[in-house]
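Hi,

Here is the structure I promised to pass on. Have a look at it first, and then read my notes below.

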Amino acid sequence: MNKTIAIIGSGFSALSASCYLKKYGYDVTVFEKNSTVGGRARQLKKEGFTFDIGPSWYWMPDIFEKFFNDFNKTPADYYILDKLSPAYKIFFKDEVITIGDTMEKICAEFERIEKGSSIPLKNFIDKAAKNYDIAINKVVLKPGISPFELVTPETAVRVGQFFKTISGEVRRKFKNPKLISTLEFPVLFLGAKPSNTPAFYSFMNYADFGLGTWHPRGGMYQVIKAMQSLALELGVNINTDSNVEKIAVANKTATSLKINGEIHQFDIILSGADYHHSETLLPPEHRQYSEAYWSKKTFAPSSLLFYVGFNKKIKNVEHHNLFFDTNFETHAEEIYDSPQWPKDPLFYANFPSVTDATMAPENCETGFFLIPIAPGIEDTETLRLRYFDLIIGRLEKLIAQDVKNNIIFKESFCIKDFIKEYNSYKGNAYGMANTLSQTAFLRPKLKSKKVSNLYFTGQLTVPGPGVPPALISGKLVSELIYKNTIKFNL
Ligand SMILES: Cc1cc2nc3c(=O)[nH]c(=O)nc-3n(C[C@H](O)[C@H](O)[C@H](O)COP(=O)(O)OP(=O)(O)OC[C@H]3O[C@@H](n4cnc5c(N)ncnc54)[C@H](O)[C@@H]3O)c2cc1C
């Protein structure tokens, strides 16, 4: 195979694809507009503090294991993985729920909150485990070409679970609102409201309670560094500071890329940049999806993020902390139904230096704060500051200590940055939500219908948002490219 492939972007999906395509024998070159690789998963280092700019939850360790195994490697060849114990803490107004690192501990915590709740919990997680097996080994490994991909003996008997929602399913089994929120949390990673997410996605609950929460020592960026090393070992060419400005097309075939003003020719083009942006690089007649198409889709939230250096250790917090002390439904409506800044937002705080001393200077704490917000809403410095004050005030109250006066610095990241840094549609953080009407073959396609040698990967196509799906997306598109090269010599 002596065909040349250009890959636009260097996020998880693009790096994954670069490794698989190189393994198939292509001549692979990556072009990343930013000065470091990793996309949404880049790293910020400041005054001895280390921050993951985007993802921080390492879930589904089996998917990472499989990725590296495909190249006769394991994650341990590149980074040290610690299982977090406890996995995380959820702060409610009047109570804290701690999710332990084993089902026994989690069952005991459920019993503490509601007597007898560990029995439906075990049933729920058993069913979720079966769904996980089917989802990971059967459903997500399909390229999203045809609806029949979803029809297997296992999915056929579970068809009802695609038409019920996770929210309904959880409420049928549990009455305590705090346990309901705890069990609805994992599907938020899929980018939609639990009341709009099929019950089959309970496999995320198995990923949470069954497989546990892990941390690569040094942060999630260690995984990006590992994939970059693997790609370089395999012989992939990686270029940073390389902004792709245009994809030229002749006779329905992509012929070249304009990169930093220069024209480079390739046999095949794969874009790992946001799908909407990738299509705007094409002449309009070669785009598959109109602006109207994108505007009708349910996008996953954007986020207001803060990276904060504290000059002391913070008590009463864990590595991962969810602040669910306000109304979950109201915040979800302000993201999805009537997009606006949330009046009383839920938020997430990550203090990786609680378990990993490499993330902060001695006796200091690294703090990452995330408020999910609707994509496309107004983003100003004043709004960012107002929300920072709001969440820090709530944090101080809930953890019963002063932290505001211990801030050395803070940096923020929001909608405008998502657009500027990643060419993200409306500044979305996690791509397109995985609702029933935006699942599998109903998502934007891996292969262009209009340009014969143009492909897409990443969180806007199959399987969807999140780091493990991005690894799988890179694999799926590479298999498709290889199959088409053999079949059509494309
Ligand atoms: C704040 C945040 C928190 C998250 N938390 C988690 C988590 O805890 N766990 C989890 O599993 N997932 C999480 N996610 C989701 C996960 O990070 C993403 O799904 C995943 O990283 C997306 O990878 P990707 O390859 O699809 O896209 P990206 O990472 O966005 O990569 C696209 C790349 O294309 C580049 N690019 C764009 N335009 C051009 C151009 N014209 N020329 C050249 N390059 C270009 C961009 O610079 C970027 O590097 C989080 C995401 C965010 C933003």
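Before the notes, a word on terms: two strands count as paired if DSSP finds at least two bridges between them. Helices (H or I, at least four residues) and strands (E, at least two) are DSSP runs, numbered from the N terminus.

You're looking at a predicted model, in which local features need pLDDT of at least 70, side-chain atom pairs count only at pLDDT 80 or more, and totals for chains, interfaces and linings use all residues. Residues are numbered from 1 along each chain as its sequence is written.

Let's start at the beginning of the chain. Strand β1 (residues 4-8) pairs with strand β2 (residues 27-31) in the parallel sense, over five bridges. To get from β1 to β2 the chain passes through helix α1 (residues 12-24), and this β-α-β crossover is right-handed. (Right-handed means that, with the strands pointing away from the viewer, the path from the first strand over the helix to the second runs clockwise.) If you want a spot to check by eye, I7 has V30 in β2 as its bridge partner.

That pair belongs to an open sheet of five strands, in the order β9-β2-β1-β13-β19, with parallel pairing. β9 and β19 (454-456) are the edge strands, each pairing on one side only. From one strand to the next the twist averages 20°; angles like this run from 0 to 180 degrees between N-to-C directions, with axes as lines fitted to C-alpha atoms (for helices, over the stretch in contact). Towards one edge, β2 is joined to strand β9 (residues 237-239) by three parallel bridges, and T29 stands opposite N237 there. Towards the other, three bridges join strand β13 (residues 268-271) to β19, also parallel, with L270 opposite Y455.

There's also an open sheet of three strands, β10-β11-β12, and this one is antiparallel. β10 (244-250) and β12 (262-265) each have a single partner strand, so one side of each is left without a neighbour in the sheet. The twist here averages 30° from one strand to the next. β10 pairs with strand β11 (residues 253-259) over six bridges, and V244 stands opposite I259.

Now the ligand. Which residues are closest to it? Of the 37 that surround it, the closest are G9, G11, G39, P55 and G458. (A residue is near a molecule or strand if its C-beta atom, placed from the backbone, lies within 6 Å of it.) The helix α1 from the crossover turns up again, giving the largest share of the shell, three residues; β14 (302-310) and α16 (467-488) each supply at least two. By class, the shell has 17 nonpolar, 17 polar and three charged residues. Here Ala, Val, Leu, Ile, Met, Phe, Trp, Tyr, Cys and Pro count as nonpolar, Asp, Glu, Lys and Arg as charged, and the others, Gly among them, as polar.

Zooming out, the protein is assigned domain 1 (4-41 + 220-296 + 432-488), domain 2 (104-210) and domain 3 (302-373 + 380-413), with bounds from an automatic or database domain assignment. Domains 1 and 3 each give at least three residues to the ligand shell, and their C-alpha centres lie 33 Å apart.

Overall, there are 16 helices and 19 strands, and the C-alpha trace spans about 65 × 55 × 45 Å along its principal axes. The radius of gyration, taken over C-alpha atoms, is 22 Å, which agrees with the value near 23 Å for a compact globule of 490 residues. That globule rule is 2.2 Å times the number of residues to the power 0.38.

Cheers
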